[in-house]
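Visitor: I should like to learn how to read the features of a protein model. May we go through them one at a time?

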Amino acid sequence: MLSNLDFNDNELHPNHIIDFKQNGNQYFITTENGVVLKLEIIKNVIIRFRYAIKGTFQNDFSYAIDPVYKKEIKSYHFFDLNEHYEINTGQLKIQIEKSNAKIKILDQNDNIINEDGKGFYWIENDKEEPRIKLGKKTQEAESFFGLGDKPTDLNIYGKTFQNWGTDTYGYEENMDPIYRNIPFYYGLHHGEGYGIFFDNSYKTHFDFSKSNPLATEFYADGGEMNYYFIYGPQLLDVCQEYTLLTGTPEMPPLWALGYQQCKWSYYPESQVKEIASKMREHDIPCDAIYLDIDYMDGFRCFTWDNEKFPHPKKMIQDLKDDGFKTVVIIDPGIKVDKNYSVFKSGIKNDVFCKTKQGEYFEGKVWPDECYFPDFTNPEVRVWWGELYKELIEDLNVDGVWNDMNEPALFEVESKTFPLDIQHDYDHNPCDHRKAHNVYGMQMARATFEGVKKINPNKRPLIITRSGYSGLQRYSSVWTGDNLATWRHLHIANVQCQRLSISGVSFCGSDIGGFVYHPTPELFYRWIQLGVFHPFFRTHSSGDHGEQEPWSFGKEALELTKKAIELRYQLLPNIYTAFYQYHSKGIPMLKPISFVEQKNIENTKRNNEFLLGNHILISPVLQAKIQGQIVYLPEGNWYNYFSNDLLKGGEDHWVEIVKEHIPIYIKEGSVIPIFPVMNYVGEKEIEIVDLNIYYKNGITKSEFYFDEGEGYNYENEIYFYSEFELNSLNDELVLIQRIDGKLIPKFKYRINLIGFPNPKRKNNYLISNDFKEIKL
């Protein structure tokens with residue numbers, strides 16, 4: 001077997017450097033055989049590498065990079081040494097070997113962070129573009145993470161992957177590829193972390209030392225070798241830098257973080273109303289009801305089946321009056337029907353994808369034969385966005401769910417478009433090999449921009465099944481058509497952690513499983529986990545049985561209701577974590593390996609994770625167990641339900657009960673708690689409980705609050721509180737620093753947990769604008 005560090009006669013490599021030029025923060029390195037490496041310092045911890053095989057670079061265009069991202073433009077120290085050139089950013093040393101243009105990246109103490117093995121090379125192909133590749137050396141005991149929604153362990157060392165968005169109904173563990181295309185991964189060795197973002201939208205491939213334990217390789221089936229190296233050394237810092245580079249989302253409407261109920265499909269109109277009525281009858285908090293494809297007339301997008309839904313406007317208003325938002329599904333396929341207004345408009349405006357011969361491409365999905373908009377064309381995105389006017393402006397729909405946008409096709413082996421279908425790619429014409437992986441993202445973008453333009457004073461909820469790096473700027477995601485099995489509960493836990501560290505924190509799974517029917521225990525355990533996923537939705541395929549909270553018997557109903565109520569109590573913490581994601585790029589869900597990266601044992605852990613900075617969750621992922629091992633990171637942790645204090649940095653055997661999964665609060669935390677409501681905004685919040693967990697020392701916590709809707713927060717109409725708990729000097733003091741112009745009407749209720757002197761004043765009200773109180 002050929003080693004990845006060896007050379008193959010079919011491979012072409014850069015040879016020795018003959019020219020080296022600097023232009024500010026950009027460096028151009030030319031080899032004798034015509035390869036040009038453009039090295040650009042984006043900031044002192046982010047380095048971009050681009051390779052041109054024949055000396056000419058492609059147009060520098062990316063859907064992934066946030067257009068508002070600001071580079072640090074300045075000069076850096078450059079050294080011409082004997083065998084290599086060296087650039088020093090103050091954080092990193094980048095060495096370029098003179099004999100072959102290979103790259104080595106070191107920290108300021110000369111520790112190797114990342115280095116080329118084979119380095120950059122390519123394989124010529126007479127029929128297609130060259131296949132461009134890059135080989136890295138795998139460092140001793142190196143672990144790898146990332147790549148979005150891959151349904152496998154968090155540590156992906158020893159595995160290979162592809163990015164090619166694929167409709168994978170009922171996918172299994174380790175299946176690849178599936179829906180999303182996020183070519184970004186992390187490396188961790190010797191306690192230091194980095195990331196590599198391979199910004200290439202062709203089908204990409206990753207080999208994390210499976211073919212050779214000494215080598216890591218990534219490559220694409222076309223396009224340019226264009227990657228960003230991001231240094232930590234903390235993995236969470238790498239995540240933050242990558243997320244800011246590819247963009248953060250707006251704040252969602254607060255209701256979008258509430259519980260949502262979905263099924264394929266709720267119809268007719270009377271059934272939708274019945275589901276909503278039962279939610280209120282059982283006092284189960286719920287903010288949204290979904291309409292799947294059966295609300296449409298023959299699956300024609302932007303239409304209604306007048307027999308199943310004779311009065312959609314009244315139905316949506318009735319739901320709204322009872323506290324429910326309505327979310328509708330929209331697919332990309334537009335039925336070929338000369339009497340269908342959307343089809344006729346599409347033909348008139350020339351919006352549909354075409355073959356190489358200039359004919360409209362036709363493929364079969366739910367409505368049968370369809371044409372498909374080219375969402376990579378900016379004019380088409382505008383056209384698509386305007387189609388939502390009736391749904392959003394006239395009918396008052398609150399959210400849009402984009403499905404089938406890998407893009408998916410029925411009855412073809414490839415499950416998608418032929419590779420020679422033509423795309424505009426924002427005026428960079430290409431075929432489907434390059435556009436496939438961004439198609440779903442650009443559909444979600446068209447939907448987001450259109451809905452926002454129609455109702456500019458309202459925050460939209462958009463959900464997409466497929467997408468590319470940067471999709472988080474436009475949409476939330478769910479993990480696709482999963483199975484109602486205990487193993488898939490484990491997969492959902494890992495996928496949401498992986499998505500969160502891949503820039504896509506607004507994520508969740510189909511609670512209970514989409515395919516097959518869960519047992520009562522599996523359903524309530526999935527709900528108990530879903531409480532801590534930002535996108536919190538039950539969804540199922542109706543042909544496998546009912547999957548509403550009351551469908552599993554009285555005990556499961558009570559346990560489910562209790563868990564959903566906890567979600568609404570913890571909403572301020574979820575919303576605060578979302579604000580930190582929105583404003584700073586901090587992931588909402590944090591794997592233990594990212595929280596405590598110097599402990600190499602943590603690279604093997606998949607189960608426990610943090611929501612925000614202070615809440616640790618250990619989901620129950622097996623049936624009928626009496627106890628499980630929970631690992632707690634360094635420090636002390638309070639059991640959320642019993643307030644017992646446990647020591648961190650070690651495993652604990654904990655008893656498992658039906659009522660809840662193990663939840664722990666980091667000592668010194670201030671945890672705001674909302675009152676339980678049937679839906680967000682049901683009543684004005686009068687009291688926010690502040691649960692204050694004792695620690696001997698100084699700790700900080702955060703609490704973000706705004707109007708929950710609209711864009712006033714962009715003008716500082718919000719309430720952002722930083723709490724500092726200080727117990728160093730015999731006195732126990734809580735300090736509050738407030739930012740923002742919003743003046744909330746609620747009061748705080750102080751609840752002290754774990755404090756010495758049980759006779760200390762407790763459970764009392766105080767104004768929300770206090771600056772300092774003695775506890």
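Visitor: Is cysteine 370 buried or exposed?

Guide: In this predicted model, cysteine 370 is buried, because its relative accessible area is 0%, where anything under 20% counts as buried.

Visitor: How many disulfides does a search of the whole structure find?

Guide: The idea is to compare the distance between two cysteine sulfurs with a cut-off of 2.5 Å. Searching the whole structure in this way gives zero disulfides. Cysteine 370 takes part in none, since the nearest cysteine sulfur, that of cysteine 301, lies 7.7 Å away and the limit is 2.5 Å.

Visitor: Why is there no bond between cysteine 262 and cysteine 286?

Guide: Their sulfurs are 11 Å apart, which is too far for a bond, although cysteine 286 holds the closest cysteine sulfur to that of cysteine 262. Cysteine 262 is also buried, with a relative accessible area of 1%.

Visitor: How should one read a nonpolar core, and which residues have the most contacts inside the largest one?

Guide: The general idea is that nonpolar side chains tend to be buried together in soluble globular proteins. Here the largest nonpolar core has 244 residues, and Phe49, Ile330, Trp384, Phe532 and Leu775 have the most contacts inside it. The element that gives the most to this core is helix H7, residues 432–454, with nine residues.

Visitor: What does tryptophan 384 touch?

Guide: Leaving aside residues up to four places away in sequence, tryptophan 384 has contacts that include Phe302, Ile330, Pro332, Phe375 and Met443. Asp331 and Thr447 are also among the residues that it touches.

Visitor: Where is lysine 561, and what is the nearest side chain of opposite charge?

Guide: Lysine 561 belongs to helix H10, residues 554–569. This lysine is buried yet has no salt bridge. The nearest side chain of opposite charge is that of glutamate 565, at 4.2 Å, whereas a salt bridge requires a distance within 4 Å. Beyond residues up to four places away in sequence, lysine 561 touches His282, Asp283 and Ile284.

Visitor: How does one describe the protein as a whole, and how many helices and strands has it?

Guide: The protein has 12 helices and 50 strands. Its radius of gyration is 27 Å, close to the 28 Å given by the globule rule for 775 residues, so the protein is as compact as a globular protein of that length. The C-alpha trace spans about 75 × 75 × 50 Å along its principal axes. Of the 775 residues, 65% count as buried.

Terms used
Residues numbered from 1 in each chain as written. Predicted model: local features only at pLDDT ≥ 70, side-chain atom pairs only at ≥ 80, totals over all residues. Heavy atoms only, no water. Core = buried A, V, L, I, M, F, W, Y, C linked by side-chain atoms within 4.5 Å. Buried < 20%, exposed > 50% of the residue type's maximum accessible area, 1.4 Å probe, protein only. Helix = DSSP H or I, 4+ residues; strand = E, 2+ residues; numbered from the N terminus. Contact = heavy atoms within 4.5 Å. Lys, Arg positive; Asp, Glu negative; His and termini not counted. Rg over C-alpha atoms; globule rule 2.2 N^0.38 Å.
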